[in-house]
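Visitor: I am new to this structure and would be grateful for a close look at a single part of it. Please begin with the terms that are needed, and then place that part within the whole.

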Amino acid sequence: MKMFFIILAAGKSRRFKSKLPKQFNIYKGKMVLEHSINKAINSKIFEKIILVISKSHLKYAKKFKNKNVHIVYGGKERSISSLKAFEYIKKFKPNKVFIHDAARPNFSIKLIKKLSKFVKKHKAVVPYIKLDDSIKIKKKLSYENLEREKIILTQTPQCFDYQTLKRNYNKKNLNITDDVSILLNNKIKVKFIPGERDNFKITYKKDLKNENKKIYYGIGFDIHRLVKNKKLYLGGEKIPFHSGLEGHSDGDVILHSIIDAILGASRKKDIGSLYPDNKKKYKNIRSPLMLLPIVRKLYQNNFFINNLDINLICEKPKVSKYRHKIINSLSKLLNINKDIINLKGKTVEKLGLIGKEKAIACEVIISIIKYE
Ligand code: ZN
């Protein structure tokens with residue numbers, strides 16, 4: 001079953017009243033549309049994620065482009081953007097397609113999993129919520145009450161059988177605010193499932209404010225002996241040097257300190273209790289493989305890394321020579337921007353084991369934010 005996730009982000013956000021459309025503003029530590037991209041990736045159910053943007057916004061979106069996230073230029077109207085994405089994915093022979101508004105960053109991975117299950121039996125699945133407020137309709141001279149029980153609010157992501165949706169879509173459907181309207185207009189049966197209250201649409205600037213956050217700090221320290229005939233890994237990168245770091249794993253002191261700092265900030269003990277060094281399974285393991293599951297868990301639990309400060313303590317290699325390389329690698333491994341990482345090199349005046357180039361140590365402080 002080939003499923004695709006289309007994120008519509010070509011809108012101009014007229015009600016948002018800002019030059020930069022809402023989907024490219026920062027919300028909960030990330031670009032609004034980045035939340036949707038990350039959740040789609042983390043759900044692991046999609047062949048490809050299609051980001052539909054306006055050509056003029058490529059400079060904000062191009063960093064997301066990779067072999068699983070493709071960029072398509074949209075049109076002036078929502079329906080044209082959807083159509084362009086359908087055309088684009090045709091070559092991949094999709095079975096099911098999710099369509100999502102970039103302005104809804106708060107849906108859960110659980111919701112997409114639920115949608116993907118229901119779409120196996122239905123042509124279209126749509127999340128909805130009920131209304132809490134009383135609702136009236138304006139007539140010529142008065143207002144009339146509507147029955148609240150009969151009204152639902154539809155959300156995205158909406159999930160469709162690709163062929164059915166494509167068949168019903170045509171260029172006349174210019175004035176739609178969601179894709180399911182097209183199927184409903186053509187009398188096709190739609191399955192509605194409960195949506196999520198938090199999955200609201202960012203519409204006004206004040207919607208971006210989220211004061212409900214907590215900050216946690218974690219500290220990490222590590223030291224390994226240098227030995228001949230071993231490769232040196234620092235921050236996940238191979239660094240040319242006469243020796244490497246001794247240890248059960250590849251001895252990457254930077255990644256080990258970061259792991260301990262993350263575990264510290266999220267109060268989950270330490271690296272030794274996760275990866276005991278008496279277990280054969282972890283013998284010679286590369287440290288990125290130890291880090292990645294921890295990072296994935298962190299993001300799944302709605303934490304964001306806010307700042308990372310690293311002291312690498314060694315006589316040699318010279319940190320200045322490899323700073324870019326290491327920061328690039330950390331940015332990829334941790335899925336964070338390079339500008340929140342700081343790497344300092346510290347020598348020890350030739351004192352002790354580190355001074356004699358027989359060991360390398362590292363200390364790290366990390367701050368992570370949780371948005372409620
Ligand atoms: Zn270590």
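Guide: A residue is called exposed when its relative accessible area is over 50%, buried when that area is under 20%, and partly exposed in between. The model under discussion is a predicted one. With these cut-offs, Lys-120 counts as exposed because its relative accessibility is 55%, and the cut-off for exposed is over 50%. Lys-120 is placed in the loop that runs between helix H4 (109–118) and strand S7 (124–130). Although their positions lie 119 residues apart along the chain, the C-alpha atoms of Lys-120 and Met-1 are separated by 9.0 Å.

Two further residues show the opposite condition. Asn-199 sits in the loop between strand S12 (191–194) and strand S13 (213–227). Asn-199 is buried because its relative accessible area is 0%, where buried means under 20%. Once the neighbours within four places in sequence are left aside, the contacts of Asn-199 are Arg-104, Asn-106, Phe-107, Leu-111, Gln-155, Thr-156 and Pro-157.

Ile-71 belongs to strand S5 (residues 69–73). With a relative accessibility of 16%, Ile-71 also counts as buried. Not counting residues up to four places away in sequence, Ile-71 touches Leu-51, Ile-53, Leu-58, Ala-61, Lys-62 and Lys-65. From Ile-71 to Ser-249 there are 178 residues in sequence, and the distance between their C-alpha atoms is 39 Å.

These residues may now be set within the chain. The chain has 372 residues, of which buried residues make up 51%. It contains eleven helices and 19 strands, and its C-alpha trace spans about 90 × 45 × 40 Å along the principal axes. Among the contacts between residues at least 6 apart in sequence, 72% join residues at least 24 apart.

The domain assignment divides the chain into domain 1 (3–208) and domain 2 (213–371). The C-alpha centres of domain 1 and domain 2 are 39 Å apart. Where the two are in contact, seven residues of domain 1 and five residues of domain 2 take part.

A zinc ion is also present in the model, and Asp-222 (OD), His-224 (NE2) and His-256 (ND1) coordinate this ion at 2.0 to 2.1 Å. The spacing of these donor residues along the sequence is D-x1-H-x31-H. Of the donors, Asp-222 and His-224 are buried.

There remains a pocket to describe. The second largest pocket has a volume of about 840 Å³. It is lined by 26 residues, and those closest to its centre are Gly-11, Lys-12, Ser-13, Arg-14 and Arg-78. Strand S1 (3–9) and helix H3 (78–89) are the elements that give two or more residues to this lining. By character, the lining residues of the second largest pocket divide into seven nonpolar, ten polar and nine charged.

To return to the part with which this account began, Lys-120 is exposed, whereas Asn-199 is buried and Ile-71 is likewise buried.

Note on methods: Residues are numbered from 1 along each chain as its sequence is written. This is a predicted model: local features need pLDDT of at least 70, side-chain atom pairs count only at pLDDT 80 or more; totals for chains, interfaces and linings use all residues. Side-chain values use heavy atoms; hydrogens and water are left out. Donors are N, O and S atoms within 2.8 Å of the metal (3.2 Å for Na, K and Ca); water is not among the atoms, so sites may look incomplete. Buried means under 20% relative accessible area, exposed over 50%, partly exposed in between (1.4 Å probe, protein chains only). On a 1 Å grid over the protein atoms alone, a cavity is a set of points where a 1.4 Å probe fits but cannot get out, and a pocket is an open set with protein on both sides within 12 Å along at least five of seven lines; lining residues have an atom within 4 Å of a point. Grid points are joined across faces, edges and corners, and a volume is the space filled by probe spheres set on the points. Helices (H or I, at least four residues) and strands (E, at least two) are DSSP runs, numbered from the N terminus. Ala, Val, Leu, Ile, Met, Phe, Trp, Tyr, Cys and Pro count as nonpolar, Asp, Glu, Lys and Arg as charged, and the others, Gly among them, as polar. Domain bounds come from an automatic or database domain assignment. Contact means heavy atoms within 4.5 Å.
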